[in-house]
Amino acid sequence: MTPELSVVGDQLWKRIGESMDRVEQRLRKANSILEAAGIPFAIVGGNAIRIWVAQVDPGAVRATNDVDVLLRPENLEEAKQAMSNHGYHYRKAAGLDMFLEGKEDSVRFAIHIVLANQMVKETDHEPNPDVEPTEYGDGIRTLPLERLVRMKLNSFRLKDRVHLLDLIEVGLVDRTWISRFPELLGERLKGLIENPDQ
């Protein structure tokens, strides 16, 4: 049986708008809680890429559902307490640390924790960067662009490649960046620049 669109019209656009609003609220709330607690952190992942892309072309900003927070391992317990004080629940699932507003919330709506200065997978080229130095975009603490690009080149999953292509498309990253990175990461970037459709 072929699925049919059952949510249409104003109801459809309302759902889409509410979804994006919830992501921004989650992002700003996490940023605010960690800032107030004095915990070093940086927003990374899709939301960080959105902040950078919006500097050049708001029309090229891509939607994302989750919020990724880079934390030093030694600050994880402090972050758990700060988030718990504001109603968030810590959960570890499939090797991922995360905060959820409701205990039964889907991991799709989680605040994901990325540990700074650590390898994510054994196959990674290098560990994640530290949380500092930082940049601010509309009050949101994130990393300088070169560090974000390096994280994306290191991880290089499909969504990382899409984020990198967004940065390339708006002109924030170009072939002059290739030499900034170790050989493997530079080759990955070169491949994306020269063959964006592969």
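# Pockets, a cavity and cores

The largest pocket has a volume of about 890 Å³. Keep in mind as you turn the structure that this is a predicted model. A total of 36 residues line the largest pocket, and those nearest its centre are Asp68, Leu96, Val114, Val120 and Arg157.

Which helices and strands each supply at least two residues of that lining? They are the helices α2, α4 (145–155) and α5, together with the strands β3 (89–93), β4 (96–100) and β5 (111–115). Helix α4 provides the largest share, five residues. If you sort the lining of the largest pocket by class, you find 15 nonpolar, 10 polar and 11 charged residues.

Let's stop at Asp68, one of the residues nearest the centre of the largest pocket. You can find Asp68 in strand β2, which covers residues 67–71. Is Asp68 buried or exposed? Its relative accessible area is 11%, and because buried means under 20%, Asp68 counts as buried.

Now look at what surrounds this residue. Setting aside residues up to four places away in sequence, Asp68 touches Ala42, Ile43, Val44, Gly45, Gly46, His112 and Val114. With one of these, His112, there is a polar contact between side chains, at 3.5 Å. Val114, another residue that Asp68 touches, is also among those nearest the centre of the largest pocket. For a sense of distance, try Tyr90: it is 22 residues from Asp68 along the chain, and the C-alpha atoms of the two are separated by 14 Å.

Next comes the second largest pocket, which holds about 280 Å³ of space. Of its 13 lining residues, Glu24, Leu27, Arg28, Arg50 and Ile51 are the closest to its centre. Helices α1 (9–36) and α2 each supply at least two residues of this lining, and the largest share, five residues, comes from α2. By class, the lining of the second largest pocket has six nonpolar, three polar and four charged residues.

Pockets are open, so let's turn to a space from which a probe cannot get out. How many cavities of 30 Å³ or more does a search of the whole structure find? The search finds one, and the volume of this largest cavity is about 50 Å³. Its lining is made of Gly46, Ile49, Arg50, Val53, Val61, Arg62, Ala63, Thr64, His163 and Asp166. Two of these names may look familiar: Gly46 is touched by Asp68, and Arg50 is among the residues closest to the centre of the second largest pocket. Helix α2 (45–56) gives four residues, the largest share of the cavity lining, while α2 and α5 (158–169) each supply at least two. The cavity lining divides into four nonpolar, three polar and three charged residues.

Finally, look at the nonpolar residues packed inside. In soluble globular proteins, nonpolar side chains tend to be buried together. Here the largest nonpolar core has 31 residues, of which Leu70, Val149, Leu153, Leu167 and Leu189 touch the most other members. At least two residues of this core come from each of β1 (41–44), α2, α4, α5 and α6 (183–194). Helix α4 gives the most to this core, with five residues.

Val149 makes a good place to zoom in. Leaving out its neighbours within four places in sequence, Val149 is in contact with Leu164, Leu167, Val173, Trp177 and Phe181. Apart from the largest core lies another core, of 21 residues, including Leu34, Ile39, Leu76 and Met83.

Methods
Residues numbered from 1 in each chain as written. Predicted model: local features only at pLDDT ≥ 70, side-chain atom pairs only at ≥ 80, totals over all residues. Heavy atoms only, no water. 1 Å grid on protein atoms, 1.4 Å probe; cavity = no way out; pocket = protein on both sides within 12 Å on 5 of 7 lines; lining within 4 Å. Points joined across faces, edges and corners; volume = space filled by probe spheres on them. Nonpolar A, V, L, I, M, F, W, Y, C, P; charged D, E, K, R; others polar. Buried < 20%, exposed > 50% of the residue type's maximum accessible area, 1.4 Å probe, protein only. Contact = heavy atoms within 4.5 Å. Polar contact = N/O pair within 3.5 Å; in protein donor to acceptor, adjacent residues only side chain to side chain. Core = buried A, V, L, I, M, F, W, Y, C linked by side-chain atoms within 4.5 Å.
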